[in-house]
Amino acid sequence: MNLVDIVFYFFAVIIVASAAVVVLSKNIMYSAFSLLFTFFGVAGIYVLLNADFIAVTQLMIYIGGILVLIIFGVMLTTKITGLEMKTGITGKAQYAIGGLSTLVLGGTLIYVFNSTSWFKSPSVPTTSTVEAIGASLLTNYLLPFEAASVLLLLAMIGAALIARRK
Amino acid sequence: MNPEQLKILGSSFLGDLLKSVNLFYPETALVVTFLLAILVDLFTRNRPSCKMSGYVSLIGFFVTAIFLCNSPQGMSFAGTYAVDAFSIFFKWIVLITSFVIIVFSFFSKELFGEERQMGEYYTLIVGMTFGMFLLSGATNLILIYLAIETMSMSSYILAGYTKEIKRASEASLKYVIYGATSSGIMIYGISLLFGLTGSLNLSGINAYLAGNNVNHITLLISGIMIIAGIGYKISAVPFHFWTPDVYEGAPVTITAYLSVASKAAGFAILIRLLNSAFTIHAAGDTINTAWSVMKNVDWTMIIAVLSVLSMTLGNFVAVWQTNVKRLLAYSSIAHAGYILMGVAVMNYTGVSAIMIYLAIYMFMNLGAFFVVMIIANHIDSEDLEDYQGIGYRSPWLGVAMTIFMVSLTGLPPTAGFIGKLYVFTAVLNSGMYWLAVIGVLNSVVSLYYYVKVFRNMFLRGAEKANQPIELSLTVKVILIALIIPNIALGIWFGGLVNWANASAAMILK
Amino acid sequence: MTPENLLNIAILITLLPLLSFLINIFFGKKLGKVSSYIGTTIMGIDLILAVTVFVSKVFNTWSEYLVQNADKSLTYLASDAMVQLKYNWFSFGRLNVQVGIGIDNLAAIMLVVVTLISFLVHLFSTEYMAGDKRFPRFYAYLGIFTFSMLGIVIANNFLFMYSFWELVGLSSYLLIGFWYEKDSASNAAKKAFLTNRIGDLGFFSGIMILFFTYGTFMYDEIFGKMATGLIPFDSGTMLTVAGILVFMGAVGKSAQFPLHVWLPDAMEGPTPVSALIHAATMVAAGVYLVAKVFPMLTADALLVVAYTGAITAFIAATIALTQNDFKKVLAYSTVSQLGYMIMSIGVGSYMTGFFHLLTHAWFKAALFLGSGSVIHQMHHSAHHFHDHHTDPQDIRNMGGLRKTMPWTYATFLFATMAISGVPLTSGFLSKDGILAGTMAFGNLTGHWLIPIIGFSAAAMTAFYMFRLTIVSFHGDFKTKIAEHTSENKFVIVFPLVLLVVLSLWFWYSPNPFDANAGWFAHKLAAPKTAVPANLQWDFLLTEEQKTAYAEKTSKAAEAKANIKEALPATAEGTELHKEAVAPEANQGAKEAAATESKAVGELGHQENDLAKASEHKAEEVKTEAHTTETAAVKEEHKTGEAAVAAHGATTHEAGNAHAEAGTHGGGHYVNKFAEEMHHFHVPAMILSLIIAGCGIGFSFLMYQFKLFNPDALANSLRPLYNLSYNKWYFDEIYQATIIAFTVGFGKVLAIFDNKVIDGIVNLTGWFTKLVGHITAIFDNVVIDGLVNLLAKVTSLFGAMIRKVQTGRVQSYVAFVIIAIIMLVYFLK
């Protein structure tokens, strides 16, 4: 077990544990805060994969933007409505079904990951990926890139619409 | 990447880009319409229920149609987007449906009853149309995903547009959560497929699969996950759970829209995915050649299973429904099952049968929903019980609904018969007799609940005849315009069949 | 005019009445009285267009012409026989279903007949139907009826023919039952509809037989393939059956025996409708159909057609003798005359049959509209006196109308003369032709019964028609209602005058005693039969057809002889082979096995070779025989094809020849029948004149001069009189047989249900009880357990299905995940 492996498992444990808290915690505040660790762990894995751009994006947008918004939203809602933000208690049957299907799906996926010969791309020099991503977005992936802009505009319109009183 | 490499990449891309722009006029027109509709809405903001951006959208659709008529064909945007006869056929279906839906909306009391800002409504429909256009031509997994998201994002909001109605906002929320999960599953499948083949373009995937040995189970899992994402769009069982709730909660116009246009776009991408990525293509392929599937993944069986499940569950549950919108929701699930039979055939005859079916399904389903909307405008109910005597109160609505119901059942001389005929023939020709038998049995079951609508309208409640429902001339004209294709395509279907046959082939590179 | 234009106009002619229908059905309420002007104007335009088509089709030559559009879905064909358009409707597998329209001379003439009568009826009804509360609806129905009738006329395939055929049935149902408040009217409408369905059932079966044999609905293709010798199921009988089945459609629609019962009842409809439906159009559709399918009728089928027509003509004429209702007399007279036409086509006298359809359309429409004129006045008059007991349609209440309604009288009288066959009328020309045809047929085949019936029906026709005229128009007013009548307005009188003028001879032939001198006979020669010669009346075949057939037969015989010749050679070869191979080889093998091998073996080999050679030779002979046979068959086919080509293209020529033969009195005839007909022309004319004169004279003596007392005559012939007066008891017979049988069968089923089924049920119940007792213990322990289990499972399943659609999005998501897992494991 070399250093990279140790770092990987470190982040992996953070991700899985914090994600479990997100799902299982009955207090939404706790869930929101644990989500912070999940995002952080994922960013760590990106760094391990030499995906510098995505790692930074992950930190800035998900942690710096989205998560903060979520936490603010939860806190403000509690303040304004005086409602305690807690999820309902789920029954044992649900736990059983959920646990079983998670186990089966997880087992299948682990089996598949181990037994599959994945596509191996030719090794790339470990320089910054920002330039290559930028070039791709404006050449080979121009259309998806532009389509994404329409998608985001739509999402904004929708959000404004939902937020509007009337 | 050094500047020299960038330069080469840029110059090689420039030619492709110029070619691509030529192929991209209809979509460009849609984006321009989308922006214009927002702008116009800004100027008419202080007048609620203003239809101005609706008219702008209609004009935009018209311009799009003109571009679509003259559209050249080819591969564009570095192989991410195919403009071929196949996608153009589906774009027509999407465009006509969008146009009709906006026209329908003008008559909706549900939408115009309250003082409501309607600008975003049209904007979102145009945006959704754009998404579906992209979906019918997308040949790149990223673009497929984005197109589905564009479509979904608009439909989430549209489904809850009447947000003061609890039923609608609840439906919208469920739709968002369900849709997010589905697209999560789908993108997981996409990432598996990318991991297997190292390509996002369908042609690249196809080439890799043809030339290399890949793990069978992994391919199957990734395929099923992607199909789950598409299956949710076409509301195929078991990915259909959102359908009844959303169909019931959403405004009728949006229900109609979801049941026709997004279903058509979903089928377009399902067929393209199976054909372009997972089957071997030889040079001498003709329209009757069966596609030979790669890596022994039994896609036929997967699709056939989904088809049987959809037909059976859709029809058997529809029998018990008392709300007409919910009934039509299950009926649309059942129809997805019939159309999936055509996909299961996995040859071009099946594809052309699907296209015929979808074109016809568009007219009959839109017609049925329009009648539901007009009736709801007058009696404020979508309950089957309240339909009693409608045939006497307004013979127009009664007769029109009967024709649409007969067409949906698939009885001659309506268009629905022709659609079913071609699908069943394709299935029989491929030798899947058991599937055809199940399909026919299901059609028989469907007769029961379609007739129930008819029965309530004409055989019950004759005493209500003294409360006539008066329809405006425009509504009558729209009804006639919807009835005509339902009858005419049952008689002169040669043109449609020829067009579908000519459009069944896809560009693969 | 190019063929395209001609066909486009024909389509326009057909669609215009539909437009009238749409306008009147959708905007009728707002239009009110205006709807009649719209309808009438549209029909006026339609008439002008129809005349244009008629003139340009019939009096022009149409050279061979063929245009196909780019994708070959649309084909225009033109020849002198028929200008037509074929449209590839759809293809399904190998089957390419075509539809289209076609105008031949028959259709061109029929177009004028339908549009003119329809126009006049539209015009007439503006006055006659004025004040009816569903006035616009009436015009709408007239429109849809005319549309469907024109559709029958311009169809060039069985599919269109049948569709419009049914549409005619439907629209006539609407028109007959127009006054549906009257029970009698709605019953009559139902009766007409149902009776027609019986005929249509046969028609449909006939079409299906043809379609499965020939794979097409097109007339010309069916007849063409038939002429090459392809017949249904390779059986002449089946061809006859197909012909008779198709003819059944005509039996229903043209009110032929035994399905004629609906027509007299249909007089419950408004009188203009009677004129439209029961004089000129709908009932003529049957005759038109028989004329269209004439080429495919075998000798046997034609004989059935002829006898059906003859029987109908006779029965209906006898019934008409004693009826007292003005319209009923006309109704039976129509049935009788339709029988005439059918009979005429049945005996092979195609032209005269259709000619009679044309002439009859005019004068019968005049008679019906005349009756409408009378009834209209009688109604008004009765209304004036507040008299609701006197039947305004009963001729015994009329009398003397000659004085109050001079125009109606004059036109009615002339039309009566025409139907009775008085010289200088068109009726004389056509009737004479028919009688000559029947006599020729009688002479050629020995079926003399047909001409005898024909002549007796002619006598009766003259008698009852003059009876009708004399009783209602001559003499004194029998009631004050009759006295109070007055002449109708122009819109009612004008159609009468026009129709009567059209019933003069000079429109059709310059010679008032010979129809063959006119254009009609030139333009409407019988089409050549497509039926194989051995199934056809010998005398209907043309010389060339006969030679072709003879050649064909001799070729076939030759081929057979060749095969026979080849057979012995083959046999010889086989024997040689046997001789050589079997013993020698055996022996050779033995000997070789014994001692010296090689020499003998060689010998054996040699012998073997010899045998093989002989075998080879035999095979050659065989092959040769085959070749000869194939050649013969091929040639046969060629001849057949030539026949097809000739079939369409030379109709015109044949017509010319026929006409020549007729006018120049001798020389070359198309076939034996034409020759015979020519011989019988003069005798038939003289005989028919005498007979018509007798009928008329008798009528005058009895009703005008009262030399005989009709009642006394009726008394002395009481059984016959009753038979006639009660319409041969057809309705009663049907009531007592078919209807009673149906009802009885239902009752039997009910009894069966009560006794047998109940018995079985009871028995089962008893048995079950027994078994139940025996298995009571078992039941309690095991079955109950199982049933409970099943119920539990079912309800669990139901709950599951219900639970699946919980409305909780969390569970939806969970189900999707589970579904994916299951799919993966199911399909791996």
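In this predicted model, the buried residues of helix α9(B) pack against two other helices of chain B, namely α8 (166-197) and α12 (252-278). Helix α9 itself covers residues 202-211 of chain B, and its buried positions are B:Leu202, B:Ile205, B:Asn206 and B:Leu209. Because these buried residues fall within an arc of 100° when α9(B) is viewed down its axis, they line one face of the helix.

Chain B also meets a neighbouring chain: 35 residues of chain B are in contact with 26 residues of chain A. On the side of chain B that touches chain A, at least two residues each are supplied by α1 (3-23), α6 (119-137), α7 (141-159), α8 and α10 (216-233) of chain B. The largest share of that side, nine residues, comes from α7(B). Helix α8 of chain B thus appears in both settings, since the buried residues of α9(B) pack against α8 and α8 also supplies residues to the side that touches chain A.

The residues on the side of chain B that touches chain A divide by class as follows.

| Class of residue | Number on the side of chain B that touches chain A |
|---|---|
| Nonpolar | 20 residues |
| Polar | 12 residues |
| Charged | three residues |

Turning to chain C, its secondary structure comes to 30 helices and four strands, and of its 828 residues 48% count as buried. How many of the contacts in chain C between residues at least 6 apart in sequence join residues at least 24 apart? For chain C that share is 78% of such contacts.

Definitions and conventions
Residues are numbered from 1 along each chain as its sequence is written. Chains are lettered from A and ligands numbered from 1 in the order in which they are written. This is a predicted model: local features need pLDDT of at least 70, side-chain atom pairs count only at pLDDT 80 or more; totals for chains, interfaces and linings use all residues. A residue is buried if 20 or more other C-beta atoms lie within 10 Å of its own, exposed if 12 or fewer, and partly exposed in between; C-beta atoms are placed from the backbone. The arc is that of the directions from the helix axis to the C-beta atoms. Two residues are in contact if their C-beta atoms, placed from the backbone, lie within 7 Å. Ala, Val, Leu, Ile, Met, Phe, Trp, Tyr, Cys and Pro count as nonpolar, Asp, Glu, Lys and Arg as charged, and the others, Gly among them, as polar.
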